[in-house]
Each structure stands twice: as C-alpha cells, then as structure tokens.
Amino acid sequence: DRLFTDPYAEQLAGESGRRLLEEAVAATGDKTTVQIVVRTRFWDEALLRAAATVDQVVILAAGMDARSYRLPWPAGTTVYEVDQPAVIAAKAELLTGEQPRCRRVAVGIDLAEDWPDALRSAGFDPKRPTVWLIEGLLQYLDESAVHTLFERVDAVSAPRSVLLYDVVGKTLLDSVMLAAVRESMDRKGAPWLFGTDEPGDLSARLGWSAVVTDVAEPGNRWHRWFAPAVPLDVPNVPRGYFVEAAKGG
C-alpha cells in the first residue's frame with residue numbers, strides 16, 4: 001500500500017541515511033517521517049498535474065530529490081535542480097549511470113547567492129511559465145529570508161506559473177508536540193526558525209492565487225495520519241500546510 005515508489009532511495013541514502021533515520025525516529029518518534037511520506041506523494045501528484053501544461057520545472061534546494069529520475073514526466077519537460085555545488089556533486093556521483101526521465105539540468109549555487117542569474121545562465125527562460133517546488137525548506141529560513149525567496153521566485157515567473165510549497169504552522173512550531181523535533185534539529189545545527197498559520201499569504205501578497213491544504217487531509221485520505229483533519233477556519237490548531245499557488249495572466 002505504498003504511496004510512492006523510489007527505486008533510487010537505497011543508493012541515495014545508503015547506510016548513513018538509514019542511521020540518520022533510525023536516530024531521528026528514536027529521538028522524536030515517527031510523526032515527522034510520516035509527514036514526509038505524505039508530502040512526497042502530495043507533491044508528486046501536484047507536479048505532474050502542473051507539468052501537463054507547463055514544461056519548465058524548478059526544484060529549489062533539491063537535495064537528494066529523485067523526481068527527475070522516477071516520475072513519468074511529459075515529453076519535452078525540463079527540470080532544473082538548484083542546490084549547493086557540494087550537494088549537486090554528491091548526488092551526481094551517487095546516481096552515476098542512471099538516466100533521468102526528463103531533461104535534467106543541475107544548477108549548483110547557494111540560495112543566498114544570485115541563483116536566478118545562475119538559472120538563466122543554465123537555460124531557464126523567465127518569459128515562459130514555470131512550475132516551482134519549494135519542499136521541506138522554509139522552516140530552516142528566518143522570516144526575512146522566506147520573503148526574499150518568494151520575491152525572487154515571483155520576479156522570474158511568467159504568467160501561468162505555478163508555485164508549490166509547504167509550511168510548518170506557527171501554532172505547531174511553538175507547540176509541545178514539536179519540542180523534541182526542534183531540540184534535535186538545534187543539536188544538528190539546522191534549527192527550525194519559521195512557521196506561519198497564514199501560509200497562502202506568502203504568495204498572495206505578491207499577487208498569486210493560493211489554495212491551502214492541511215497536511216492532515218491527504219494524510220487521513222491515504223490512511224497515514226495520527227489525528228483527524230480539522231477545518232482550516234478553526235484557529236489555534238497545530239498543523240502543517242501544503243500550498244498550490246498560481247500566477248494570473
């Protein structure tokens with residue numbers, strides 16, 4: 001009853017990945033891991049829906065994301081993967097000999113630098129619609145950096161572009177249930193800094209129309225969640241969010 005198939009997970013994670021997973025589950029339980037499983041399936045589906053009409057895709061902070069290799073992309077799709085040069089190099093070594101299922105372009109640059117210019121130099125066309133994915137990143141940035149990232153995305157997004165991103169709710173970020181996770185990430189030097197319970201505003205303030213989904217909704221639908229979904233208009237509920245935003249025009 002798997003939610004997705006990733007035949008590259010073993011070679012990308014290796015023994016160190018398995019050890020990190022075991023340590024994380026031992027320290028904080030499996031709720032965060034379950035959230036990642038649901039998130040992966042949700043963005044797999046959203047990406048393929050968007051790519052049916054937009055053939056330029058950018059994955060920011062791509063890390064060990066294997067979607068270029070494992071998803072059935074429409075013919076003619078180009079996927080740009082942006083991450084730090086060391087990450088891009090390590091991934092290339094681990095996937096030596098594997099063939100992506102799209103035109104894959106790796107762009108090695110830190111997101112604190114001028115990554116839009118690096119994207120353009122790699123062939124990205126800001127005059128064409130783009131599907132953007134920002135997955136599992138925003139909680140590691142401070143609020144100013146989050147807004148700067150969205151402004152940069154907006155500046156190089158043509159009308160009909162789609163922006164996909166997930167956000168940790170501020171109520172959840174500050175809750176007791178996330179205390180162990182935050183302490184663990186602090187020890188690893190990757191503290192969780194940002195959360196908001198108005199996730200659609202991140203893109204709506206720039207003129208994008210946003211559809212917000214509580215992570216618990218697909219989590220329950222796919223029988224992977226640990227609590228019932230609560231309507232979005234009920235305040236002070238600890239939750240995470242998926243946001244699908246579209247730029248008009």
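**A colleague's note on this predicted model**

1. A good place to begin is R160, which is partly exposed, with a relative accessible area of 47%. Please keep in mind as you read that this is a predicted model. R160 belongs to the loop that runs between α6 (143–155) and β5 (162–168). Its backbone deserves a look too: R160 is not a glycine, yet its phi is positive, at about 80°.

2. A61 makes a good companion to that residue. Phi of A61 is near 55°, again a positive value in a residue other than glycine. You will find A61 in the loop between β1 (56–60) and α3 (67–70). With a relative accessible area of 24%, A61 is partly exposed; partly exposed covers the range between the buried limit of 20% and the exposed limit of 50%.

3. Next, the aromatic rings. Searching the whole structure turns up 10 aromatic pairs. In one of them, the ring centres of F42 and F242 are 4.4 Å apart and the planes meet at 20°, so this pair counts as stacked; the cut-off for stacking is an angle under 30 degrees. F42 sits in helix α2 (residues 31–51) and F242 in strand β7 (residues 240–247), so the pair ties together parts that are 200 residues apart in sequence. Both F42 and F242 are buried.

4. Ring pairs also build a cluster, and its members are worth picking out in the viewer: Y80, W115, F124 and W132.

5. Two charged side chains are placed over rings. The charged end of R41 lies over the ring of W222, at 4.9 Å from the ring's centre. K31 sits over the face of F226, and here the distance to the ring centre is 4.8 Å.

6. Finally, let me point you to the second largest pocket, which holds about 160 Å³ of space. Which residues line the second largest pocket? One stretch of the lining consists of D197, E198 and P199, and V212 also takes part. The other lining residues are L232, V234, P235, N236, V237, R239 and Y241. What does this lining look like by class? It has 7 nonpolar residues, 1 polar residue and 3 charged residues. D197, E198 and R239 are the charged ones, while N236 is the polar one.

How values were computed
Residues are numbered from 1 along each chain as its sequence is written. This is a predicted model: local features need pLDDT of at least 70, side-chain atom pairs count only at pLDDT 80 or more; totals for chains, interfaces and linings use all residues. Side-chain values use heavy atoms; hydrogens and water are left out. On a 1 Å grid over the protein atoms alone, a cavity is a set of points where a 1.4 Å probe fits but cannot get out, and a pocket is an open set with protein on both sides within 12 Å along at least five of seven lines; lining residues have an atom within 4 Å of a point. Grid points are joined across faces, edges and corners, and a volume is the space filled by probe spheres set on the points. Helices (H or I, at least four residues) and strands (E, at least two) are DSSP runs, numbered from the N terminus. Buried means under 20% relative accessible area, exposed over 50%, partly exposed in between (1.4 Å probe, protein chains only). Rings of Phe, Tyr and Trp (its six-membered ring) pair if their centres lie within 6.5 Å; planes under 30 degrees apart count as stacked, over 60 as edge-to-face and the rest as tilted. A charge sits over a ring if NZ of Lys or CZ of Arg is within 6 Å of the ring centre and within 35 degrees of the ring normal.
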